[in-house]
Amino acid sequence: MKRIAIIGGGISGLSSAFYLEKARAAGAELEYTLFESGQRLGGCMSSDRIEGCLVEAGPDSFLTEKPWAATLCGELGLADQLIGSNDAQRKTYIVVHDRLIAMPDGLMFMVPTRLVPTALSPLFSWSTKVLMARELLHPPRPMEDDETVAQMVERHFGPEVVDRLADPLLSGVYGGDAGKLSARAVLPRFVEMEEKYGSLSRAMLAAHKKMAQAAKKQPPRPLFTSLKDGMQQMVDAIVARLDPGAIRLRRHVRRIYPENGGWRVAIEMNGDERYDAVILATPANVAGELLDGVDRALASNLLDITYSSSVTVTLGYYKQQLSKLPRGFGFLVPRSEGTRMLACTFVHNKFPHRAPPDKGILRCFLGGARDEAVLGLSDEEMLETVHRELRDIVKLDARPIFARVYRWREAMAQYEPGHLARVEKIEKRVAEIPGLAIAGNAYHGIGVPDCIRSGMEAANAVAQLTPESQPARG
Ligand SMILES: Cc1cc2nc3c(=O)[nH]c(=O)nc-3n(C[C@H](O)[C@H](O)[C@H](O)COP(=O)(O)OP(=O)(O)OC[C@H]3O[C@@H](n4cnc5c(N)ncnc54)[C@H](O)[C@@H]3O)c2cc1C
């Protein structure tokens, strides 16, 4: 019987446990134990019910085009619980000098694919519009070294597009800074497009045409998918499938040591246990510390992956208090505006069933790579900041009926230039060490579907399972 320890009970570790449990139920000779240092499972995936509203503390949905989360939900019997974002209301605004300006139609991520709405948009100055027109002539260019997203976007469209689009969009996804994130790791399609077409706009136009043809053949899918009762529903459904005796909460793993062809797992205040294999589903910097006595070079590569922290502040209102808000999913705030708020989602528009008809929910994001200090604010200071900034940006003076602050310390891995090469080194070394696998948001994608895929692949690797019906890496 192979004994496997999973360290970390966020969605990555839970996915490993689920796929090991599935293999065990199908007859694989294995047993697993999941160690989680906190009091609950799910890591930063957690939902609360307040005043009839569904409040997401961490992720609120996942990208529909990445299959692993929806596939897992299907396996958990939750297919009928999946809901799509209300894309009829999919408008996002950018704050420019305290005013909301809608992102022009046809903008795909930060690349214009429709000339007229971009040319007429007050979001960009005339000099940027001229750069955008000239970009259509950009020659193909192989990228030898990695560069930052800001460098790449600035080469194509100029600094204003970095400030007003690239930076705010990336701080929404990674809590990151376009000036520090790797173009190869974060925008691999842009790198390929530049190599093939030169111009990102021309490449996007070609991709857009293909997508429009494909869309004619199948009904449109929502951009984001979530669960009726929140992301916590996925956590609860996984936990319900696991052997309760295999879950150890409040067990902080301090170190792991190779021993007699297996592993000794040292648990703080709870002695050591022996396993044949270990899955490290913790943040990479924790995995680095755990492996320090095993392989210095591997540990140091893991420790080199940096993290940013973030804070979400969710505010509930009566609908009539929000009458001045425009339609849409919310707004992003460029750094140059000088606010602490990075973004705000109008949750009741994005997922209407998350609030009763008479209520609305605003979810504000703060922190990120350039503002770790925000974690030091008290809840009162945080709420004061958010109220002041909402008053300035959307003229919202009303006090909410409820407010919740969630702090996420070092939760978002930052894919800095050289990330892909570093991960390749890490994975090569991990594959050479028998009975060891890693999973989490630090390697091949930060979103929930990528974490699920990483947990599944780690389970397959340590149990030497052959993936049968599982979707291939995309
Ligand atoms: C505010 C926020 C919003 C987000 N929004 C979205 C979104 O809308 N869509 C999306 O797809 N993604 C989103 N993400 C990203 C996504 O949620 C995360 O990348 C993902 O949940 C990370 O899961 P994980 O299991 O890898 O890590 P974590 O959730 O960090 O879990 C790691 C676990 O390991 C435990 N642990 C650490 N050290 C030890 C130890 N030594 N011993 C035992 N246990 C240990 C921790 O307690 C923790 O529970 C968001 C993230 C945040 C923070």
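This passage walks through the domains, the ligand shell, the strands and a few single residues of a predicted model.

At the level of the whole chain, the domain assignment splits things three ways. Domain 1 is put together from three stretches, 2–44, 231–305 and 416–463, while domain 2 covers 107–217 and domain 3 covers 307–413. Between the C-alpha centres of domain 1 and domain 2 there are 36 Å. The two domains do touch: six residues of domain 1 are in contact with ten residues of domain 2. On the domain 1 side of that contact, the residues sort into three nonpolar, two polar and one charged.

The ligand brings domain 3 into the picture. Its shell takes residues from both domain 1 and domain 3, so the ligand lies between these two domains. In total, 36 residues sit around the ligand, and the ones that come nearest are G8, G10, G43, P59 and G447. Several secondary structure elements give at least two residues each to this shell, namely the helices α1 (11–25) and α16 (448–463) and the strands β17 (306–318) and β21 (402–414). As for chemistry, the shell holds 17 nonpolar and 17 polar residues, with just two charged ones to go with them.

Turning to the strands, there is an open sheet of five, and its pairing is parallel. Reading across, the order goes β12-β2-β1-β16-β22. The edge positions belong to β12 (247–248) and β22 (436–438); each has a single partner strand, so one side of each is left without a neighbour in the sheet. For β12 the contact with β2 (residues 30–35) comes down to two bridges, with the strands running parallel. In that pairing, L34 stands opposite I247 of β12.

Antiparallel pairing turns up around β11 (residues 224–227). Strand β5 (residues 62–63) is joined to β11 by two bridges and runs antiparallel to it. Strand β6 (residues 82–84) also pairs with β11 in the antiparallel sense, this time over three bridges. T225 features in both pairings, as the bridge partner of F62 and as the bridge partner of G84. Within β11, F224 and S226 point one way and T225 and L227 the other, yet all of them are buried.

A further antiparallel pair is made by β3 (residues 47–50) and β4 (residues 53–56), held together by four bridges. I50 has C53 of β4 as its bridge partner. The two strands form a hairpin with two residues between them. One of the turn residues is E51, in the loop between β3 and β4, and its phi is positive, near 50°, even though it is not a glycine. E51 counts as partly exposed because 13 other C-beta atoms lie within 10 Å, which is over the limit of 12 for an exposed residue and short of the 20 needed for a buried one.

N260 has a similar story to tell about its backbone. This residue is not a glycine either, but its phi is positive at about 45°. The place of N260 is the loop that links β13 (253–259) to β14 (262–267). With 7 C-beta neighbours inside 10 Å, N260 counts as exposed.

Among the helices, α6 (residues 159–174) has a bend of about 30° at A166, and a proline, P168, follows within four residues. Both A166 and P168 are buried, and so are other residues of α6, including V161, V162, D163, R164, L165, D167, L170, S171 and Y174. Right after α6 comes G175, with a positive phi near 60°.

Helix α12 (residues 296–303) offers a view of a residue out in the open. A297 is found in this helix and is exposed, because 10 other C-beta atoms lie within 10 Å of its own. Along the chain, A297 and A284 are 13 residues apart, and their C-alpha atoms are separated by 14 Å.

Key: Residues are numbered from 1 along each chain as its sequence is written. This is a predicted model: local features need pLDDT of at least 70, side-chain atom pairs count only at pLDDT 80 or more; totals for chains, interfaces and linings use all residues. A residue is near a molecule or strand if its C-beta atom, placed from the backbone, lies within 6 Å of it. Ala, Val, Leu, Ile, Met, Phe, Trp, Tyr, Cys and Pro count as nonpolar, Asp, Glu, Lys and Arg as charged, and the others, Gly among them, as polar. Domain bounds come from an automatic or database domain assignment. Two strands pair if DSSP finds at least two bridges between them. The bend at a residue is the angle between axes fitted to the seven residues ending there and the seven starting there. Two residues are in contact if their C-beta atoms, placed from the backbone, lie within 7 Å.
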